[in-house]
Amino acid sequence: MKKFLRYGLGSLVTLLVLGAGGFWYWAQSSLAIPAPEALVAMDSDDRVTVEDGDYVVFRPVGVEPATGLILYPGAACDPRGYSAVLRRIAARGYLVVVVKMPLNMAIFGPGRADDVEAKYPAIKHWVLAGHSMGGAMAAHYAHNHADKLSGLIIWDAWPAEMDTLVDLTIPVWHIHRATPDGRAPATFEQRRNLFPATSTWVPLRGGIHMQFGSFIGGGYKEDWKPLITSDDQHDQIVTATLNALLAMGGTPPA
């Protein structure tokens, strides 16, 4: 019996190691890497300083932000891929922090907003955002810790049924890809009941999922080809996110 248990446990450990190795290989081979314009946006200038350490941090120059925006990246997305959008938000007076997730999977770090909030105690108001899987994990955090947030912004995603946002009293915005006439994909409409009735939905007409950042590669299968340029979509995302921040009480410094 002991011999059987020893061999059985050994086989189980081997399967777990092989499974973890296979997942790691998939995560790396499917990684969406930053496009050149995203890497250029990682350079500091006289408006925004950029730090690439434990987090990717965009900080406005010459002001002390009172409001911070935390972003949970999409699955298998290099966090730097969002830099072209996020530095523009930081330039308007907000601290912006992109969380680096284990294996680039937000599902393995849904509570990491706690660490960010602890690292920047001077920030009075925190808004949590997330793209794709990061959006679902941001919803998970908000479902359990709404008292720590001034608002939730979901980029092209939805909460899990167990993380329904219906009873949230903080503002919730959903910025999403849409058909030319402004309709959200059916997968979103089918889950509208998981959002508060007061939530704000902002359609990006002709936009696509991966144009929420600037990426090369990745394994995501789009519903349609983009009908607007990446620059056009980024303009709309920046405008909508800034409007959401203002609606959530995040007035930037004068």
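Eight strands form an open sheet of mixed pairing, in the order β2-β3-β5-β4-β6-β7-β8-β9, where strands are DSSP runs (E, at least two residues) and helices likewise (H or I, at least four), numbered from the N terminus, and two strands pair if DSSP finds at least two bridges between them. The model is a predicted one, in which local features need pLDDT of at least 70 and side-chain atom pairs count only at pLDDT 80 or more, while totals for chains, interfaces and linings use all residues. Residues are numbered from 1 along each chain as its sequence is written, and side-chain values use heavy atoms, with hydrogens and water left out.

The strands at the edges, each pairing on one side only, are listed here.

| Edge strand | Residues |
|---|---|
| β2 | 48–52 |
| β9 | 200–205 |

Within the sheet, β3 (residues 55–60) and β5 (residues 95–99) run antiparallel and are joined by four bridges, and Phe58 has Val96 in β5 as its bridge partner. Helix α5 (residues 133–145) packs on the sheet, touching β4 (67–72), β6 (125–131) and β7 (151–155), with contact meaning heavy atoms within 4.5 Å. The direction of α5 makes about 145 degrees with that of β6, the axes being lines fitted to C-alpha atoms, for helices over the stretch in contact, and angles running from 0 to 180 degrees between N-to-C directions.

His209 lies in the loop between β9 and β10 (215–216) and is buried, with a relative accessible area of 3%; buried means under 20%, with a 1.4 Å probe and protein chains only. Not counting residues up to four places away in sequence, His209 touches His131, Ser132, Asp156, Arg177, Tyr220 and Glu222.

Definitions and conventions
Buried means under 20% relative accessible area, exposed over 50%, partly exposed in between (1.4 Å probe, protein chains only).
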